[in-house]
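Here are a few short exercises to work through with the model open beside you. Try each task before you read its solution.

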Number of protein chains: 2
Amino acid sequence: MSSAAPSAEPRNKTRESLKHHGVRLTRQRQILLDLIDNSGEHLDAERLFQLAKEKDPKLNRVTVYRTLKMLKESGLVDELDLMHQAGDQHFYETRLKQEHAHIICLRCGRVEEFFGEPLQKLRRQVESHFGFQIMLARTEIGGYCAHCQALRAQEMRDAAEQPALPPVRRKQL
Amino acid sequence: MSSAAPSAEPRNKTRESLKHHGVRLTRQRQILLDLIDNSGEHLDAERLFQLAKEKDPKLNRVTVYRTLKMLKESGLVDELDLMHQAGDQHFYETRLKQEHAHIICLRCGRVEEFFGEPLQKLRRQVESHFGFQIMLARTEIGGYCAHCQALRAQEMRDAAEQPALPPVRRKQL
DNA sequence: TTTACTGCAAAATTTTTGCAGGGGT
DNA sequence: ACCCCTGCAAAAATTTTGCAGTAAA
């Protein structure tokens, strides 16, 4: 058992899982899988498309959507909304990590991940309470990170000092 | 204090909150608020529009979107995705209820609500761990309800008996 | 060689925006 | 009377579908 190649492992795991489902590993899919597994950030379809195009300019946006749908249905990626902080797109991440909650700062947009035991406890309680068979779970928490709490307090103070500012027509400035 | 009119209470609470924000209570908004507070189900924008149109045929779809956005930003409603079980729409519910998780059956689409203490525990842990100020939280759990687990097992058995069924062209049947 | 997969074009779905007129407070 | 809010039309953003050709196994 090798424990020295943590970044190559997941990719193989994913690829084997796909083969088992009788899915072809095309060049396009390899590019997209690499990006989702290794980008380190939460990508939406459009951003994924832009990044993929850098590696293969012919790769089509439709292929991105089709691949994401397939990965989602195979249970290989999770689809997130991140509280719609950045808009109504969906974001994607591998399911190879342990289950975690996403903590989204509504001011700076930063996303933290939380792996505490309440998550497992919640699972267990829901399973026993409803006799439910859980396939996937998702927790998203929106609020203000330690850093932005201070900034926000300052912003509120500033706003209070010049209260009757007429609504700014930003488009026309 | 009256404890006999549970359905009228929340509406007033919502309306007062809106007044505080300097928001006008138009006929359209009253219709939409009533539907969201009292429908008992999770409505998406389109369904909300259809229901609202029954009460006022002139009410426009755009008004529904604008009202939902306003209510969301005022913190009066929560926006849910219900695991995208039914598609990519968003669903809405009042924030007058206690925080709860949504348990969605991926087969029959039924949505249950769970109010256990792990949710509060999760909140507290996230707040202390990250020094985070939580404004809103959302937990969605997808899987199979007790009823559908049995049905699904039967479906799997059935599928195993006639394995090579060619992909059905549903549109042409 | 088979047929799952891709790209392209076109459509469908969901949501936003500009503007003129109407209604709440 | 003020100006926030609505309806309408049009656009933008996001996702899906049909079909002919391409490439993985």
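Some notes on conventions come first, and then the exercises follow.

This is a predicted model, in which local features need pLDDT of at least 70 and side-chain atom pairs count only at pLDDT 80 or more, while totals for chains, interfaces and linings use all residues. Residues are numbered from 1 along each chain as its sequence is written, chains are lettered from A and ligands numbered from 1 in the order in which they are written, and side-chain values use heavy atoms, leaving out hydrogens and water.

**Exercise 1. Backbone angles in a loop**

Task: Find where Leu82(A) lies and work out what is notable about its phi.

Solution:
- Step 1. Leu82(A) sits in the loop between β2 (77–80) and β3 (91–94) of chain A; strands are DSSP runs (E, at least two residues), numbered from the N terminus.
- Step 2. Its phi is positive, about 50°, although Leu82(A) is not a glycine.
- Step 3. Most residues other than glycine have a negative phi.
- Step 4. Leu82(A) is buried, with a relative accessible area of 7%; buried means under 20% relative accessible area, exposed over 50%, and partly exposed in between, with a 1.4 Å probe and protein chains only.
- Step 5. Now look at Met83(A), which is found in the loop between β2 and β3 of chain A. Met83(A) has a positive phi near 60° and is buried at 10% relative accessible area.

**Exercise 2. A strand and its partners**

Task: Is strand β4 of chain A largely enclosed or not, and which strands are joined to it?

Solution:
- Step 1. In β4(A), residues 101–105, 5 of the 5 residues are buried, so the strand is largely enclosed by the rest of the structure.
- Step 2. Ala101(A), Ile103(A) and Cys105(A) point one way, and His102(A) and Ile104(A) the other.
- Step 3. β4(A) is joined by 4 bridges to β5 (residues 111–114), running antiparallel; two strands pair if DSSP finds at least two bridges between them.
- Step 4. These two strands form a hairpin with 5 residues between them, and Gly109(A) in the turn has a positive phi of about 80°.
- Step 5. Another 4 bridges join β4(A) to β6 (residues 133–144), this time running parallel.
- Step 6. His102(A) stands opposite Glu113(A) in β5(A) and opposite Glu140(A) in β6(A).

**Exercise 3. Relating the two chains**

Task: Which rotation superposes chain A on chain B?

Solution:
- Step 1. A rotation of 180° with 0.0 Å of shift along its axis does so, with RMSD 0.0 Å; the least-squares fit uses C-alpha atoms of residues with pLDDT of at least 70 in both copies.
- Step 2. The two copies are therefore related as by a two-fold rotation axis.
- Step 3. The same surface serves both copies, as 100% of the contact residues of chain A recur in chain B; contact means heavy atoms within 4.5 Å.
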